[in-house]
Amino acid sequence: MRVYVPLTLPGLAEAHKTGELGAGPLVAYAVTPALREWYRSDDTEELEYAALGRAALASLRLLDADPDAPRRRVVVAVDVPDRMAAVEPGPGPDDGPDPDGPGEVRVSGVVRLAKAAAVHVDAHEAEADVTAAVRALAAAGGGDDDAQVVVDGAEDHELLWFAPQEIASLLGSGD
C-alpha cells in the first residue's frame, strides 16, 4: 500500500540521518474506503493526489507544533505491506481516526526511508503562504471561514517532487 507520511524538514533530516521514518505507529494517509467516499472518485491517481493533500494538511499541523521548523510542508510517499497500514475505527462507521481526515491510517512497525518512492516538499516561494496557513489553523478548525481560506491558500502551491536519492541535496547537506 502506498502511504503518505507527513513530516517537517527537521523530521526529514532526522529520517535521513537514522534511515527510517520511525517505528510505528505513524500517522499517514492512503487511499481508504473513507477517502474514496469523501472524494467520490474511482480514478486511482486522483485518489492518491487526495491522500497526498491530506498528508500535506497534516504537515501544517506538525509545523504548528514546531515553531522553529522552516515553513515548508513535507510528505514522504512510501510503500508498505498492507498489514502494516490499518484504518482504525473512528466515531462513525466509515471514519478513520480523524473524522475530518478521511484517508488517515496508522502504520505499524519500522518504516525505512529506503522504501520511499518520493519526497514532496514545498518550494521556498510557498513559505509565506504556509506560514499564514499555520497561523490560521486553529481558527479554521474552529469554523472560521476566512481562516479556512488562508489554510486552503497553502494548497495553491504544488508540492515539488524529489527522488529519495535527492534528500541530502534537498536538506542542503550534499551527502
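**Close-up views of a predicted model**

**View 1. The largest cavity and its lining.** The largest cavity in this predicted model has a volume of about 30 Å³. The count of cavities of 30 Å³ or more comes to 1. Its lining is formed by Gly53, Ala56, Leu57, Leu60, Arg73, Val151, Ala154 and Glu155. Two or more lining residues come from each of the elements α3 and α5 (145-154). Helix α3 gives the most to this lining, with 4 residues.

**View 2. Arginine 73 and its surroundings.** Arginine 73, one of the residues that line the largest cavity, is placed in the loop between α3 (44-65) and β4 (74-79). Is this arginine buried or exposed? Arginine 73 has a relative accessible area of 3%, and it therefore counts as buried, since the cut-off for that term is under 20%. The side chain of arginine 73 reaches two backbone oxygens: that of alanine 154 at 3.0 Å and that of histidine 157 at 2.9 Å. Beyond four places in sequence, the residues that arginine 73 touches include Ala56, Ser59, Leu60 and Leu63. Also among them are His120, Val121, Asp122 and Val130, as well as Glu155 and Leu159.

**View 3. Strand β6 and its partners.** Strand β6 (residues 104-107) pairs with strand β3 (residues 26-29) in the antiparallel sense, over 4 bridges. Within this pair, leucine 26 stands opposite valine 107 of β6. Strand β5 (residues 85-86) also runs antiparallel to β6, and 2 bridges join them. Here alanine 86 is found opposite arginine 106 of β6.

**View 4. The largest nonpolar core and valine 107.** In soluble globular proteins, nonpolar side chains tend to be buried together. The largest nonpolar core of this model has 26 residues, and those with the most contacts inside it are Val3, Leu12, Leu21, Val107 and Val119. At least two residues of this core are supplied by each of β1 (2-7), α1 (9-18), β3, β4, β6, β8 (116-121) and α6 (167-171). Which residues are in contact with valine 107, leaving aside its neighbours within four places in sequence? They are Val3, Gly24, Pro25, Leu26, Ala28, Val80, Met84 and Ala85. Leucine 26, which stands opposite valine 107, is thus shown again among these contacts.

**View 5. A second nonpolar core.** Apart from the largest core lies another, of 14 residues. Ala133, Ala136, Ala140 and Ala154 are among its members. Alanine 154 also appears in the earlier views: it is one of the residues that line the largest cavity, and its backbone oxygen is reached by the side chain of arginine 73 at 3.0 Å.

Methods: Residues are numbered from 1 along each chain as its sequence is written. This is a predicted model: local features need pLDDT of at least 70, side-chain atom pairs count only at pLDDT 80 or more; totals for chains, interfaces and linings use all residues. Side-chain values use heavy atoms; hydrogens and water are left out. Buried means under 20% relative accessible area, exposed over 50%, partly exposed in between (1.4 Å probe, protein chains only). A polar contact is a pair of N or O atoms within 3.5 Å; within protein, one must be able to donate a hydrogen and the other to accept it, and residues adjacent in sequence count only if both atoms are side-chain atoms. Contact means heavy atoms within 4.5 Å. Two strands pair if DSSP finds at least two bridges between them. A nonpolar core is a set of buried Ala, Val, Leu, Ile, Met, Phe, Trp, Tyr and Cys residues joined through side-chain atoms within 4.5 Å. On a 1 Å grid over the protein atoms alone, a cavity is a set of points where a 1.4 Å probe fits but cannot get out, and a pocket is an open set with protein on both sides within 12 Å along at least five of seven lines; lining residues have an atom within 4 Å of a point. Grid points are joined across faces, edges and corners, and a volume is the space filled by probe spheres set on the points.
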